[in-house]
Structure formats: C-alpha cells, structure tokens
Amino acid sequence: MEKSGELKGELRKAALDEGLTRLGPWGVVGLVADHIPFTRSGMDAVKLSGLSPKMLKAHTRADRKELLEADAMQRCGRLVLRFLDGLD
C-alpha cells in the first residue's frame, strides 16, 4: 500500500467482506484519535473502534479494562485478520 487513503479503502472492503455494515465516518476525527500523529507525519493510519458511551471514559482516569466489550474486540480481530488475508 503506497497511496494515502488506500489503507482505509482496503479496511472498508475487509469490513464489508466480514459483514460489518455499520462503518464509521471515515475521516472524521473523534475521541481517542491515537492515529492522528501518524497521519500528520505522512503515514497512512486509521482508528478501529466501536461506538459506545463507554468510549467517553477512554484515556481518562475512569478508563478500566472492564469497559472493554468482548464482542467488539472479536469483531475488530476478525476485521484485522480479513484485512491481513487480503494483503499481497
């Protein structure tokens, strides 16, 4: 992957192939945007996350491992594996 934005396109394809239909607003900067420093340095980067009120506690003193949602982590893992399977 060499072109900016290609990563997002490949992840979107993998998400659709995996049956994930609730795709987030690509390109909208939200909370816990850990990928921003990478994109600002010219790297192609994305953020994978679920949508939950629990996200408001991420990266705060109230953040706890108990806030993780197992089903969301499994979906994310399947998405990453599907994406990796599609790499040349």
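**Exercise 1. Is Arg78 buried, partly exposed or exposed, going by its relative accessibility?**

Start with the cut-offs: buried means under 20% relative accessible area, exposed means over 50%, and partly exposed is in between (1.4 Å probe, protein chains only). Arg78 comes out at 39% relative accessibility, so it counts as partly exposed.

A quick word on what you're looking at. This is a predicted model, where local features need pLDDT of at least 70, side-chain atom pairs count only at pLDDT 80 or more, and totals for chains, interfaces and linings use all residues. Residues are numbered from 1 along each chain as its sequence is written, and side-chain values use heavy atoms, with hydrogens and water left out.

**Exercise 2. Sketch the fold of the protein chain.**

Step one: count the elements. The protein chain has three helices and zero strands; these are DSSP runs (helices H or I, at least four residues; strands E, at least two), numbered from the N terminus.

Step two: put them in order. Along the sequence you read α-α-α.

Step three: look at burial. Of the 88 residues in the protein chain, 14% are buried.

**Exercise 3. Find the largest nonpolar core and say which helix gives the most to it.**

First, the term: a nonpolar core is a set of buried Ala, Val, Leu, Ile, Met, Phe, Trp, Tyr and Cys residues joined through side-chain atoms within 4.5 Å. Here the largest one has seven residues: Leu7, Leu11, Ala14, Ala15, Leu20, Leu79 and Phe83. Helix 1 (6-17) and helix 3 (70-85) each supply at least two of them, and helix 1 gives the most, with four. As background, nonpolar side chains tend to be buried together in soluble globular proteins.

**Exercise 4. Trace the salt bridge between Glu18 and Arg78.**

The rule is a side-chain nitrogen of Lys or Arg within 4 Å of a carboxyl oxygen of Asp or Glu. The structure holds five such salt bridges.

Step one: check the distance. In the Glu18 and Arg78 pair, the closest N and O atoms are 3.3 Å apart.

Step two: place the partners. Glu18 sits in the loop between helix 1 and helix 2 (36-40), Arg78 is in helix 3, and the two are 60 residues apart.

Step three: check the cover on the acid. Glu18 is partly exposed, at 24% relative accessibility.

**Exercise 5. Compare the settings of two other salt bridges, Asp71 with Arg75 and Glu69 with Lys54.**

Take Asp71 and Arg75 to begin with: their closest N and O atoms are 3.2 Å apart. They are four residues apart in helix 3, so about one helical turn separates them. Asp71 is partly exposed at 43%, and Arg75 is partly exposed at 33%.

As for networks, salt bridges that share partners join Glu18, Arg78 and Arg82 into one.

Now Glu69 and Lys54, whose closest N and O atoms are 3.5 Å apart. Both lie in the loop between helix 2 and helix 3, so this pair ties together parts 15 residues apart in sequence.

**Exercise 6. Decide where to read the model with care.**

pLDDT is the predictor's confidence in each residue, from 0 to 100. The mean for the protein chain is 77, with 80% of residues at 70 or more. Among the elements, helix 2 has the lowest mean (82) and helix 3 the highest (88). Over residues 26-30, pLDDT stays under 50. Where pLDDT is low, the predicted coordinates should not be read in detail.

Definitions and conventions:
Contact = heavy atoms within 4.5 Å.
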